[in-house]
Amino acid sequence: MSDWTNNNNGGDAAAFGGGSSTPSLKFETVGQTHTGIVTNVTRRDDTKPDGTLNTWPDGKVKDVWVFELDGAAAIWVRGNAITAIRTAQREAGLTNPLGARLELQFYGLGDPKPGKAAAKLFKARMTAPAPVTAAPANW
């Protein structure tokens, strides 16, 4: 399976957040779903709301994946949403999500851990892009 290529670490701040004209899609209520055609996937260093890097206990910086849908909106993918999308990609028989239709749903909350909010739980469906047919030679 692809490692979701197109990863320019750090990305383009103008394209994703930070004064961007590309809105970030939020998952605020259980049952909320966002759907669209994946037009770009970018890996970025994950940051906390104060702008500092979000790290694992060993000090390694966490990743966040930014999925641009229909070239018009972006979903910032972390945690179990990554697993849900990778599983959906594998089940769809895809090695790369670009051009595929992604449906990502916030379906519930996990058990809260001490001192932390309950994690959002996601499920995903990915549909392969329609095959492209070549134009007739006399077109």
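How many salt bridges does the count come to? In this predicted model, the count comes to 4 salt bridges. Three of these pairs are described below, after a brief look at the confidence of the prediction.

The mean pLDDT of the chain is 84, and 84% of the residues reach 70 or more. Residues 5–20 are another matter, with a pLDDT below 50, although this stretch still has 35 contacts in the model beyond near neighbours in sequence. Some caution is welcome here, because predicted coordinates should not be read in detail where pLDDT is low.

A convenient place to begin is aspartate 63, which is found in strand E2, a strand covering residues 63–69. Which residues does aspartate 63 contact, leaving aside its neighbours within four places in sequence? The contacts are with Arg43, Arg44 and Asp46. With arginine 43, aspartate 63 forms a salt bridge in which the closest N and O atoms are 3.0 Å apart. This pair links distant parts of the chain, as aspartate 63 belongs to strand E2 and arginine 43 to strand E1 (residues 33–45), with their positions 20 residues apart in sequence. The side chains of aspartate 63 and arginine 43 are also joined by a polar contact of 3.0 Å. Aspartate 63 counts as partly exposed because its relative accessibility is 31%, a value that lies between the 20% limit for buried and the 50% limit for exposed. Elsewhere around this residue, the C-alpha atoms of aspartate 63 and threonine 47 are separated by 8.8 Å, the two residues being 16 apart along the chain.

Attention now turns to glutamate 103. Arginine 101 forms a salt bridge with glutamate 103, and the closest N and O atoms of this pair are 3.5 Å apart. Arginine 125 also forms a salt bridge with glutamate 103, here with the closest N and O atoms 3.9 Å apart; this distance still qualifies because the cut-off is 4 Å. The pair of arginine 125 and glutamate 103 links distant parts of the chain: arginine 125 is in strand E5 (residues 120–127), glutamate 103 is in strand E4 (residues 101–109), and they are 22 residues apart. Through shared partners, the salt bridges join Arg101, Glu103 and Arg125 into one network. Pairing of this kind can arise when the charged atoms of oppositely charged side chains come close.

How exposed are the two arginines of this network? Arginine 101 is partly exposed, because its relative accessible area is 37%. Arginine 125 counts as exposed, because its relative accessibility is 52% and the limit for that class is over 50%.

Technical notes: Residues numbered from 1 in each chain as written. Predicted model: local features only at pLDDT ≥ 70, side-chain atom pairs only at ≥ 80, totals over all residues. Heavy atoms only, no water. Helix = DSSP H or I, 4+ residues; strand = E, 2+ residues; numbered from the N terminus. Buried < 20%, exposed > 50% of the residue type's maximum accessible area, 1.4 Å probe, protein only. Contact = heavy atoms within 4.5 Å. Polar contact = N/O pair within 3.5 Å; in protein donor to acceptor, adjacent residues only side chain to side chain. Salt bridge = Lys/Arg side-chain N within 4 Å of Asp/Glu carboxyl O. pLDDT = per-residue confidence, 0-100.
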